[in-house]
Amino acid sequence: MYEQTEPPQRQQSTTGQARSRRRSGPDTMGGAMAPVLHWLHDVAAVTLLKARRTLFQAAVLLCVLVLLLWVSIFLYGSFYYSYMPTVSFSTPVHFYYTSDCDASESALCSFPTANISFMKNERDQVMANGQPYRVSLELEMPESPVNEHLGMFMVKMSCYTKGGKTVSSAGRSTMLHYRSNLLQTLNTLLFSPVLLTGMTEQKQLIEVELFSDYKTNAYQPTVGAVIEIQSKRVQIYSSQLRIHAYFTGIRYVLYNFPLTSAVIGVATNFAFLSVIVLFSYLQFVWGGLWPPDQVRVRVMMGDNTRIQQRKEEARKRMEKENSQKELNAPKVIGAVSEASDFSGNDTAAEQPSKSPSVIADAPEPDVADSKNDESHDSEGPEVNNSSEALNGSLPPQPGETALRQRPGPWMSL
């Protein structure tokens, strides 16, 4: 029936509160978002710092790995160069002979001879010590009537040392390969265009194997050889000396499987260097896999435990001795009559001064134990001396009697 209206002042306060709520809404949101923004800022800063640190560590690690890889390759190359000897060696052979004989004869004045050096650059040896080599001589000889009628002839090779001493020699026989007249005619007709142009010649290449398994001695290394053809009618275009190494063991693997050997060698060097760098890093950062501080702490803890045990044993021994002294200590006999009160007082006054000389006889096992403890423990003597100083006790004299140790009233007279 009646409408209930609010007072004007209440309406104004309600309106003000609504306005204040509207105004404080953004401020409340801003105040609530501020901690979140600060947290996001801190998280971003920490994340950026961790990312920079991770990138720096990754760059350092990459540089170390690249350096280790290059060092591994260098070590393998140095090992291969120093361990692998010369695989093959070839040098031309120039024969010489004397010509001071009668020129009317078609034969030479002496056997064709050549001196070959096995030194590269006059310093390095061609053949490694202990390595087997195959030594052969290639002769390029024309198919002339003289060589065809020559038949077999000898080729001799003598190896010598630096002092000129002959260490080994070998002789092999050889000759031209036989061809019949019909075969020579057909060959000439077939290759006549090439023969006419000078692209090929009618010659044969004769290979003479002088040493199949030649090894040099480390104490007398071979520095050269003398090759002699023991025939005065032989005709030679040119000759070549070839030395080829036969590898066994690791050298065989390195020579016949170079890529696999290189990968295995570089990987082994890389792993070995990585372990060394890792141990060095641990030693620099942590003080090693087992830091010396931990070992020192353990040793000190063990020493402290032994010291405490010794102190506890010494304390118990002191208490035992003190208890025995109290039980064996003599009691002062009081005065019988009033006339002896004065003397009893004097005796009582003198007793404190003489009481330090009164001690009880300790049992012998304890003395023996104390001596043993003094020989083993360094702190034992100090503890016993301090206990004797506190108790004011002195070692008893063997000549004293119990009567002298118990002063009475009659002693003061």
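# A walk through the model

Start by selecting Arg 242 and Glu 138: their side chains meet in a salt bridge, 2.9 Å from N to O. This is a predicted model, so treat everything on the tour as a prediction. The two residues come from distant parts of the chain, 104 residues apart: Arg 242 sits in strand 10 (residues 238–245) and Glu 138 in strand 5 (residues 133–142). Try showing the surface here. Arg 242 is partly exposed, with a relative accessible area of 37%, whereas Glu 138 is buried at 15%. Why might such side chains get together? Ones with opposite charge can pair when their charged atoms come close.

Next, pick Glu 143 and Arg 179. Their closest N and O atoms are 3.3 Å apart, in another salt bridge. Here two loops are linked: Glu 143 is between strand 5 and helix 2 (145–150), and Arg 179 is between strand 7 and helix 3 (181–190). Glu 143 counts as buried at 16% relative accessibility, while Arg 179 is partly exposed at 31%.

Now jump to helix 7 (residues 292–328), which holds both Glu 312 and Arg 315, 3 residues apart, or about one turn of the helix. Their side chains form a salt bridge too, at 2.3 Å from N to O. Glu 312 is partly exposed at 33%, and so is Arg 315 at 38%.

For a network of salt bridges, select Arg 134, Glu 207 and Glu 209. How many salt bridges does a search of the whole structure find? The count is 7.

Time for a sheet. Colour strands 2, 9, 6 and 7, in that order: they make an open, antiparallel sheet of 4 strands. Strand 2 (113–117) and strand 7 (166–174) are at the edges; each has a single partner strand, so one side of each has no neighbour in the sheet. From one strand to the next, the twist averages 15°. Zoom in on strand 2 and strand 9 (residues 224–230), which pair over 5 bridges. One spot to find is Ser 117, whose bridge partner in strand 9 is Gly 224.

Then select residues 55–76 and 243–264, which an unreviewed UniProt entry annotates as "transmembrane region". Residues 55–76 are 100% helix, with end C-alpha atoms 31 Å apart. Residues 243–264 are 64% helix and 14% strand, and their end C-alpha atoms lie 30 Å apart.

Last stop: Phe 284, in helix 6 (residues 258–285). Is Phe 284 buried or exposed? It's exposed, with a relative accessible area of 73%. Add Val 275, Leu 278, Phe 279, Tyr 281, Val 285 and Trp 286, and you have a nonpolar surface patch with about 820 Å² of accessible area together.

Conventions: Residues are numbered from 1 along each chain as its sequence is written. This is a predicted model: local features need pLDDT of at least 70, side-chain atom pairs count only at pLDDT 80 or more; totals for chains, interfaces and linings use all residues. Side-chain values use heavy atoms; hydrogens and water are left out. UniProt positions are given in the numbering used here, feature names are shortened, and annotations may be inferred rather than shown by experiment. Two strands pair if DSSP finds at least two bridges between them. Axes are lines fitted to C-alpha atoms, for helices over the stretch in contact, and angles run from 0 to 180 degrees between N-to-C directions. Patches are made of residues with over 30% relative accessible area and no salt bridge: like charges are joined within 9 Å, nonpolar side chains (Val, Leu, Ile, Met, Phe, Trp, Tyr) within 5 Å. Accessible areas come from the Shrake-Rupley method with a 1.4 Å probe; for residues, only the protein chains shown count as cover. A salt bridge is a side-chain nitrogen of Lys or Arg within 4 Å of a carboxyl oxygen of Asp or Glu. Buried means under 20% relative accessible area, exposed over 50%, partly exposed in between (1.4 Å probe, protein chains only).
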